[in-house]
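Please open the structure in your viewer and keep the selection tool ready, as this tour moves from one place to the next.

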Amino acid sequence: MASAQSIILHQYEGSPFAEKVRLALRLKNLAWSKVDIPPVMPKPDLMPLTGGYRRTPVLQIGADIYCDTALILRHLEARFPDNALVTAGQEGTHCMISSWTDKQWFQTSVGIVFGANIDRLPDALKKDREAMTGRDFSPEGMKARLPMLKDQWRAQLSWLEERLEAGRGAGSGQWLFGAHPGMSDVHAHMNIWFVLKNVPDFAKTCLQETPRVQDWFDRISESKGQEPETLTGEEALKLAREASPRLLAASAGTEPQGLRPGERIAITPDDMVPNWVTGELVSAHPNKLTLYKVDGAIETLHIHFPRAGYLVKRVED
Ligand SMILES: N[C@@H](CCC(=O)N[C@@H](CS)C(=O)NCC(=O)O)C(=O)O
């Protein structure tokens, strides 16, 4: 039975970013629970946890809410260090890798998945993603870009092949960086998983040209982990309301904007139509920012965001 200590992933099955976290949970063999959320707005059971942040996935542990896989994975690794995915010497590298897999490569993947399936996609999904990204999802535009995006995707896949080949020469080419699967492997797996699932013929043809990647992908996909318990959104909200966030010292170092604990600030991802979440700053670090008393959320929560890829501003009263 889930408790205030349980790892709860708010997710949906087809989400590649959720798959990234599921893979990390499998590799770390952690027990976890899930709440299946809708892939489009509205998300009535998620908003009281995030204060309006709408993306998938979101991680909840009691009254602490972690937004964005960049922070979710860092937090899981720090809080549950067994079966480490960030091994000595790899600190920082996986963040640089994820900034490529999650932005440049993912934009290519999503263009291919939507472009190849555009005539079958529900209108609600197209409209939702148009509103979220401000981009053009017209069938003509998507179809016209498809062949060019496929070129881009194959080029990026070939970087993994080169990496695995180079590692083999150094005696550790089983995984991207070393003899054990690590966080960089977790980040790199997502785009292949997503395109293989939704545009299988194209992905399989590319993988035939990159046999080391195919072998690596098959091996990492074999990880089993633990089956999650399924919770309802209401059950997760009850846990959040009844728990207290982990103790966290109010602190901010040398913030470029001079932000101080107690100030009202707003934060949004920088790669979509602004989705500001507004609350009181508890603590700010170069890679993490924590809010309390967030507008539209359960007041007592601590809601945590990464910094890279996010815009932050002070909110004047
Ligand atoms: N930078 C975010 C990106 C997450 C993301 O774009 N997720 C997609 C689903 S895979 C999404 O939020 N789609 C809209 C939605 O689910 O509402 C992260 O790493 O968590």
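A residue counts as partly exposed when the number of other C-beta atoms within 10 Å of its own falls between the 12 or fewer of an exposed residue and the 20 or more of a buried one. Keep in mind as you go that this is a predicted model.

With that definition in hand, select Asn 83, which lies in the loop between helix H3 (69–79) and helix H4 (93–117). Asn 83 has 14 other C-beta atoms within 10 Å, and it is therefore partly exposed. Its phi is positive, at about 50°, although Asn 83 is not a glycine.

Next, select Lys 293, in the loop between strand S9 (288–292) and strand S10 (302–305), where phi is again positive in a residue other than glycine, with a value near 45°. Lys 293 has 16 other C-beta atoms within 10 Å, so it too is partly exposed.

Now turn to two prolines. Pro 42 is found in the loop between strand S2 (33–36) and helix H2 (47–50), and the peptide bond that leads to it from Met 41 is cis, with omega near 5°. Pro 57 sits in the loop between H2 and strand S3 (58–61), and the bond from Thr 56 to Pro 57 is cis, with omega near 5°.

Finally, select helix H1 (residues 16–28) together with helix H7 (residues 183–198), which pack at an angle of about 135° with their axes 9 Å apart. That angle makes H1 oblique to H7, and their crossing is right-handed. Among the residues that make the contact are Phe 17 and Leu 23 of H1 and Met 190 and Trp 193 of H7. The contact residues divide into eight nonpolar, two polar and two charged.

Definitions and conventions: Residues numbered from 1 in each chain as written. Predicted model: local features only at pLDDT ≥ 70, side-chain atom pairs only at ≥ 80, totals over all residues. Axes fitted to C-alpha atoms, helices over the stretch in contact; angles between N-to-C directions. Helix = DSSP H or I, 4+ residues; strand = E, 2+ residues; numbered from the N terminus. Parallel < 35°, antiparallel > 145°, perpendicular 65-115°, else oblique. Left-handed = near helix turned anticlockwise from the far one by under 90°. Contact = placed C-beta atoms within 7 Å. Nonpolar A, V, L, I, M, F, W, Y, C, P; charged D, E, K, R; others polar.
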